[in-house]
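Colleague: I am new to this structure and should be grateful for a close look at a single part of it. Please choose one position, describe its surroundings, and then set it within the chain as a whole.

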Amino acid sequence: MALGTAFDESAFEGALAGFRRLYNVAPFRVLCAPDVLGRFAALMGRSADDALQRDLRYDGLPVVSAILAPGTIVFEGEVDATRMGDW
């Protein structure tokens, strides 16, 4: 999902809720482009430097940096086709 670089906490929560709604499971972890991780740390932590100095978590999920296109976030989890959505 593309969040861009100026997302807020509600956009992040919306992306997480969208994953849960679509796949009917919680992700194992959140992978972020470096710019997204810095923005996440600035919003949810004490400063953007938290992304470099400590483990970040959101709703119990590890939030980590990954090699992704700028502004991108990926939710990683095990999807079971029999539990996905209402379709």
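Modeller: Helices and strands are here DSSP runs, a helix having at least four residues and a strand at least two, and they are numbered from the N terminus. The model is a predicted one. The position I have chosen is Thr-72, which is found in the loop between E3 and E4.

Is Thr-72 buried or exposed? A residue counts as buried when its relative accessible area is under 20%. Thr-72 has 17% relative accessibility and therefore counts as buried. Its side chain reaches the backbone oxygen of Ala-69 at a distance of 2.9 Å. If neighbours within four places in sequence are left aside, the residues in contact with Thr-72 are Met-1, Ala-2, Leu-31, Cys-32, Ala-33 and Val-36.

One of these contacts, Val-36, leads to helix H2, where Val-36 is buried together with Leu-37, Phe-40 and Ala-41. Viewed down the axis of H2, these buried residues fall within an arc of 135°, so they line one face of the helix. A general rule is relevant here: an α-helix has 3.6 residues a turn, so residues three or four places apart point the same way.

Phe-40 in turn leads to Phe-12, with which it is in contact. Other contacts of Phe-12, again leaving aside neighbours within four places, are Leu-3, Phe-7, Val-30, Tyr-58 and Ile-73. The largest nonpolar core has 20 residues, and Phe-12, Val-30 and Val-63 are those that touch the most other members. At least two residues of this core come from each of helix H1 (9–23), strand E1 (29–32), helix H2 (34–44), strand E2 (56–58), strand E3 (61–65) and strand E4 (73–76). The two strands on either side of the loop that holds Thr-72 are thus both among the contributors to the core.

The chain as a whole has three helices and four strands, in the order α-β-α-α-β-β-β along the sequence. Of its 87 residues, 31% are buried. Among contacts with a separation of 6 or more, 75% are between residues 24 or more positions apart. The chain exposes about 5300 Å², of which carbon and sulfur atoms supply 53%.

Two salt bridges are counted. In one, the side chains of Arg-29 and Glu-76 meet at 2.4 Å, N to O. Arg-29 belongs to strand E1 and Glu-76 to strand E4, so this pair ties together parts that are 47 residues apart in sequence. Arg-29 counts as partly exposed at 33% relative accessibility, and Glu-76 likewise at 32%.

In the other, Asp-59 and Arg-20 meet through their side chains at 3.0 Å, N to O. Here the loop between E2 and E3 holds Asp-59 and helix H1 holds Arg-20, so the pair ties together parts that are 39 residues apart in sequence. Asp-59 is exposed, with a relative accessible area of 53%, whereas Arg-20 is partly exposed at 27%.

Backbone angles complete the picture. Most residues other than glycine have a negative phi. Asp-59, however, has a positive phi near 55°. Asn-24, in the loop between H1 and E1, also has a positive phi, near 60°. Asn-24 is partly exposed, with a relative accessible area of 42%.

Definitions and conventions:
Residues numbered from 1 in each chain as written. Predicted model: local features only at pLDDT ≥ 70, side-chain atom pairs only at ≥ 80, totals over all residues. Heavy atoms only, no water. Core = buried A, V, L, I, M, F, W, Y, C linked by side-chain atoms within 4.5 Å. Buried < 20%, exposed > 50% of the residue type's maximum accessible area, 1.4 Å probe, protein only. Contact = heavy atoms within 4.5 Å. Arc of directions from axis to C-beta. Polar contact = N/O pair within 3.5 Å; in protein donor to acceptor, adjacent residues only side chain to side chain. Areas by Shrake-Rupley, 256 points an atom, 1.4 Å probe, with all protein chains shown as cover. Salt bridge = Lys/Arg side-chain N within 4 Å of Asp/Glu carboxyl O.
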